[in-house]
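Good morning. Please look at the sequence and the model on the screen while I go through a few contacts and where they sit.

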Amino acid sequence: MANEANPCPCDIGHKLEYGGMGHEVQVEHIKAYVTRSPVDAGKAVIVVQDIFGWQLPNTRYMADMIARNGYTTIVPDFFVGQEPWDPAGDWSTFPEWLKSRNARKVNREVDAVLRYLRQQCHAQKIGIVGFCWGGVVAHQVMTAYPDIRAGVSVYGIIRDSEDVYNLKNPTLFIFAENDTVIPLEQVSTLTQKLKEHCIVNYQVKTFSGQTHGFVHRKREDCSPADKPYIEEARRNLIEWLNKYV
């Protein structure tokens, strides 16, 4: 789910077989997966899960990729112990499942994670990246936390609301042209509204021929035609963090 206005299901795609470079910790009332950067530069990135939860190997793979580029990364359990969506579940129950997992009501968890990063990891500069459901979280956070220096929202969109276009710091939005969850009209509306209301740097980028989940739920080697887009999106994500965090 990456669209508040139309909470339709999304495919889990390619679930990676990946163990991870990091370890699990307790952060106040939530669990989290933390990966330390090989070089301690005082920078950290919060990585926000999709509907399949904080333990999805694909999300941890992305967190480790970011960590290898000089950031301590943390993947918190933003569902706070509630079960993630089961890919084999009954999609007719999905809207009810989603009600108790509001992507725009995560301030308590974000505050706990920020305290952990500052006190335990000595992070001075912090960014946020979110995928799908987490893309909505990243967008929301970038309108509410001026101390988070940069954000990347990957195929997540908030329904039309006048309070979500005044971004506090630079934010990159990544979308897929053939996303059945997020129609291109909604991407166009977001782009226009940001142009009207936003005073900080932002970019909205749509990748041709790609589908929902392509950045983190599609294997790089699944299709020679897709590989350049997957690699470009991941490179753009890192470049945005490097430029603004």
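A residue is called buried here if its relative accessible area is under 20%. With that cut-off, take helix H4, which covers residues 133-142. How many of the residues of helix H4 are buried? The count is ten of its ten residues, and the helix is mostly covered. By name, the buried residues of H4 are Trp-133, Gly-134, Gly-135, Val-136, Val-137, Ala-138, His-139, Gln-140, Val-141 and Met-142. I should say now that this is a predicted model.

Next, the aromatic rings. A pair of aromatic rings is described by the distance of the centres and the angle of the planes. Ring centres within 6.5 Å make a pair, and the count comes to ten aromatic pairs. One of them is Phe-94 with Trp-97: the ring centres are 5.5 Å apart and the planes are at 20 degrees, so this pair is stacked. The cut-off for stacked is planes under 30 degrees apart. Phe-94 and Trp-97 both belong to helix H2, residues 94-99, and because they are three residues apart there, about one helical turn separates them. Both Phe-94 and Trp-97 are buried.

Tyr-155 and Phe-214 make another pair, with centres 6.1 Å apart and planes at 55 degrees, so this one is tilted. Where in the chain do Tyr-155 and Phe-214 lie? Tyr-155 is in the loop between strand E6 (150-154) and strand E7 (171-176), and Phe-214 is in the loop between strand E8 (202-207) and helix H6 (227-244), so the pair ties together parts that are 59 residues apart in sequence. Tyr-155 and Phe-214 are both buried.

Go back to Phe-94 and Trp-97 for a moment. Together with Phe-79, Trp-85, Trp-91 and Trp-133, they form one aromatic cluster. Trp-133 is also among the buried residues of H4 that I listed. Phe-79, from the cluster, has a charge over its ring: the charged end of Arg-101 sits there, 5.7 Å from the ring centre. A similar entry is Trp-54, where the charged end of Arg-60 sits over the ring, 4.9 Å from its centre.

Now the salt bridges. The count comes to six salt bridges, and I will show three.

Start with the hairpin of strands E1 and E2. E1 is residues 23-27 and E2 is residues 30-35; they run antiparallel and five bridges join them. Val-25 stands opposite Ala-32 in E2. There are two residues between the strands, and Glu-28 takes a positive phi near 55 degrees. Glu-28 also forms a salt bridge with Arg-115, the closest N and O atoms being 2.8 Å apart. Arg-115 lies in helix H3, residues 107-119, and Glu-28 in the loop between E1 and E2, so the pair ties together parts that are 87 residues apart in sequence. Are these two residues buried or exposed? Arg-115 is partly exposed, with a relative accessible area of 37%, and Glu-28 is partly exposed at 46%.

The second salt bridge is within helix H2. Lys-99 pairs with Glu-96, and their closest N and O atoms are 3.3 Å apart. Because they are three residues apart in the helix, about one helical turn separates Lys-99 and Glu-96. Both of these residues are exposed.

The third joins the side chains of Lys-205 and Glu-232, at 2.7 Å from N to O. This pair links distant parts of the chain, 27 residues apart, with Lys-205 in strand E8 and Glu-232 in helix H6. Glu-232 is partly exposed, with a relative accessible area of 24%.

One polar residue on the inside is Asn-58, in helix H1, residues 57-67. Asn-58 is buried, because its relative accessible area is 1% and the cut-off is under 20%. What lies 3.0 Å from a polar atom of the side chain of Asn-58? The backbone oxygen of His-216 does.

Last, the cysteines. A disulfide is a covalent bond between the sulfur atoms of two cysteines. How many disulfides does the structure hold? Zero. Cys-132 is buried, with a relative accessible area of 0%, and Cys-198 is buried too, at 11%.

Note on methods:
Residues numbered from 1 in each chain as written. Predicted model: local features only at pLDDT ≥ 70, side-chain atom pairs only at ≥ 80, totals over all residues. Heavy atoms only, no water. Phe/Tyr/Trp six-rings, centres within 6.5 Å; stacked < 30°, edge-to-face > 60°. Helix = DSSP H or I, 4+ residues; strand = E, 2+ residues; numbered from the N terminus. Buried < 20%, exposed > 50% of the residue type's maximum accessible area, 1.4 Å probe, protein only. Lys NZ or Arg CZ within 6 Å of the ring centre and 35° of its normal. Pairing = 2+ DSSP bridges. Disulfide = S-S within 2.5 Å. Polar contact = N/O pair within 3.5 Å; in protein donor to acceptor, adjacent residues only side chain to side chain. Salt bridge = Lys/Arg side-chain N within 4 Å of Asp/Glu carboxyl O.
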